[in-house]
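Q: I'm new to this structure and would like a close look at one part of it. Could you take me through the open and enclosed spaces, and then show me what lies around them?

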Amino acid sequence: MSDPNKKSIEDLLKMLALGESLTPSQEKQMKDYKFWKTQPVPSLDETITKEGPIDVLKTPEDVPSEPLPLIKEFEWCNIDIQNNEQLDELYKLLYDNYVEDTDATFRFKYSHEFFKWALMPPNWQQDWHTGVRVKETGKLVAFIAATPVTIKLNKSGTVIDCVEINFLCIHKKLRNKRLAPIMIKEITRRVNKQNIWQALYTGGSILPTPLATCRYQHRPINWSKLHDVGFSHLPANQTKAGMLAHYALPNKTNIQGLREMEEKDVKDVLKLLTEYQERFDIVQLFTEEEFKHWLLGNADANANNANNAKTKTNSFGDKLNSNVIKTYVVENSEGKITDFFSYYLLPFTVLENTHHDELGIAYLFYYATDAEGDRYKPRLNDLINDALITSKQYNVDVFNCLTSQDNTYFLKNCKFGSGDGFLNYYLFNYKTFPMSGGIDKQTKLVIDDETSGVGVVLL
């Protein structure tokens, strides 16, 4: 699903130097690059010799109190995530205009619960759910969001209060209006007013300058369906029956003591993750309240789900709480939590297919184990294999992850395959030493059994 017009910024600069013309998508790539050159981010050719903030001279009082001006046809608005009508507007905007594959075959199928989980963690701010409407009609045509996160750079021990930027979406018919830079500047202004000066964000394009690049990995669960919708192809010298057998999973998990995480586990699981994540260069720090939200889901949505499905259980006998985030822990015979894994569900709508209209997709979230030494890799493989098995209960057709965290330790044995997509991690207004991202810089191939350095998971 890669874009054949996508080239590196270096390639585009060479093309311009030779007088060659760029395609419209390449022209947009260069405009984005020129915009980011004006922002407090490291330059592409910069060698980082010291970590630290780039622009350190501002205070909230230095930041304008009024929103940036828009062209006269548009106006700023805040999206109320607790209002179902506005959630439906946001859903339609993202459904019609957000990320999709180049063939326009798949689109994200967001739910109200997903939006509330993703956009309403503890200390969320409605002012950070920023939209643009058409003045005359009130139609929502653009959106960008910020959510609060605290990160730690383990090599230096530096803790940074920042935000995650997500869901930047512009209506397709307005892409030539250069709204994206204005929206980025406006969300930056709003965040800066709260005395927050750094932001995490990700993207498929190379901009100045990634702290790491990871590669997407896919593990088919229902290979036959993936083949039917064009997500997976039949390799040469293989049969459909052979592929089904290759990806077959048992119906029962293997690890003794595996169960769904409960609220009483929050403190112990957070302690386990905090200790485990010392192996990575950049991680997210959680309060217990934040950890409960991200690993168990939105409390209000969960309460509604519980009321609507009091007796509904999966095949393990677990009560179904959140429909978005799934978290399992391993409790040993002495009552100690030794491991956990989590993943979130975000299905695709399948377009123009007569047999299937939805693709169930799981995305690996956080995990941890107290296993060390020779036990470490086998334990990770057992954990993720059980994650794959549990995902079948939720009609997952493909299980996705990146080469982040320590995922390269289990990708091969758990039968993940590299996709053609890459995700670049960026930190606004801060220089960090580059991280491997779990792939070779030149070949972009997975480096087996090597930590990525990237311990933070962004939606």
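A: Here is a walk through the pockets and cavities, followed by some helices and loops elsewhere in the chain.

Keep in mind that this is a predicted model. For a bit of background, the protein has 459 residues, and 52% of them are buried. Its secondary structure amounts to 11 helices and 18 strands. If you take the contacts between residues at least 6 apart in sequence, 74% of them join residues at least 24 apart.

Let's start with an open space, the second largest pocket, which has a volume of about 580 Å³. It is lined by 25 residues, and the closest to its centre are T209, P210, T213, P434 and K441. Two strands, β8 (212–220) and β18 (430–431), each give at least two residues to this lining. Sorted by class, the pocket lining has 12 nonpolar, 7 polar and 6 charged residues.

T209 deserves a second look. You'll find T209 in the loop between β7 (198–203) and β8. The peptide bond leading into it, from P208 to T209, is cis, with omega near -20°. So that you can place it again: T209 is among the residues closest to the centre of the second largest pocket, and β8, the strand at one end of its loop, helps to line that pocket.

Now for the enclosed spaces. There are 3 cavities of 30 Å³ or more. The second largest cavity has a volume of about 50 Å³. Its lining is made of E51, L153, N154, K155, D281, F433, P434 and M435. Here P434 turns up again, having already appeared among the residues closest to the centre of the second largest pocket. By class, this cavity lining comes to 4 nonpolar, 1 polar and 3 charged residues.

The largest cavity holds about 60 Å³ of space. Around it sit V149, E164, Q284, F286, W294, F365, Y366, V457 and L459. That lining breaks down into 7 nonpolar residues, 1 polar and 1 charged.

One of those lining residues, W294, takes us to a helix, since its number falls within α9 (residues 288–296). Helix α9 packs against helix α8 (residues 266–276) at an angle of about 95°, and their axes are 10 Å apart. With that angle, α8 is roughly perpendicular to α9. On the α8 side, the contact is made by V266, K267, V269, L270 and L273, while α9 brings E288, F291, K292 and L296. Together, the residues of this contact divide into 6 nonpolar and 3 charged, with no polar ones.

It helps to know that an α-helix has 3.6 residues a turn, so residues three or four places apart point the same way. With that in mind, look again at the numbers on the α8 side, which include V266, V269, L270 and L273.

Another helix to look at is α4 (residues 112–119), which is mostly covered, as 6 of its 8 residues are buried. The buried ones are E113, F114, F115, W117, A118 and L119.

Go on from α4 and you reach N123, in the loop between α4 and β4. N123 has a positive phi of about 70°, although it isn't a glycine. In contrast to the buried residues of α4, N123 counts as exposed, because its relative accessibility is 59%.

N395 is another non-glycine residue with a positive phi, in this case about 60°. You'll find N395 in the loop between α11 (376–391) and β16 (398–402). N395 is exposed too, with a relative accessible area of 62%.

Finally, return to β4, because the loop between β4 (129–134) and β5 (140–153) holds K135, which counts as partly exposed at 47% relative accessibility. K135 and E75 are 60 residues apart in sequence, yet their C-alpha atoms are 6.0 Å apart in space. Setting aside neighbours within four places in sequence, K135 is in contact with K72, E73, F74 and E75.

Conventions: Residues numbered from 1 in each chain as written. Predicted model: local features only at pLDDT ≥ 70, side-chain atom pairs only at ≥ 80, totals over all residues. Heavy atoms only, no water. Axes fitted to C-alpha atoms, helices over the stretch in contact; angles between N-to-C directions. Helix = DSSP H or I, 4+ residues; strand = E, 2+ residues; numbered from the N terminus. Parallel < 35°, antiparallel > 145°, perpendicular 65-115°, else oblique. Contact = heavy atoms within 4.5 Å. Nonpolar A, V, L, I, M, F, W, Y, C, P; charged D, E, K, R; others polar. 1 Å grid on protein atoms, 1.4 Å probe; cavity = no way out; pocket = protein on both sides within 12 Å on 5 of 7 lines; lining within 4 Å. Points joined across faces, edges and corners; volume = space filled by probe spheres on them. Buried < 20%, exposed > 50% of the residue type's maximum accessible area, 1.4 Å probe, protein only.
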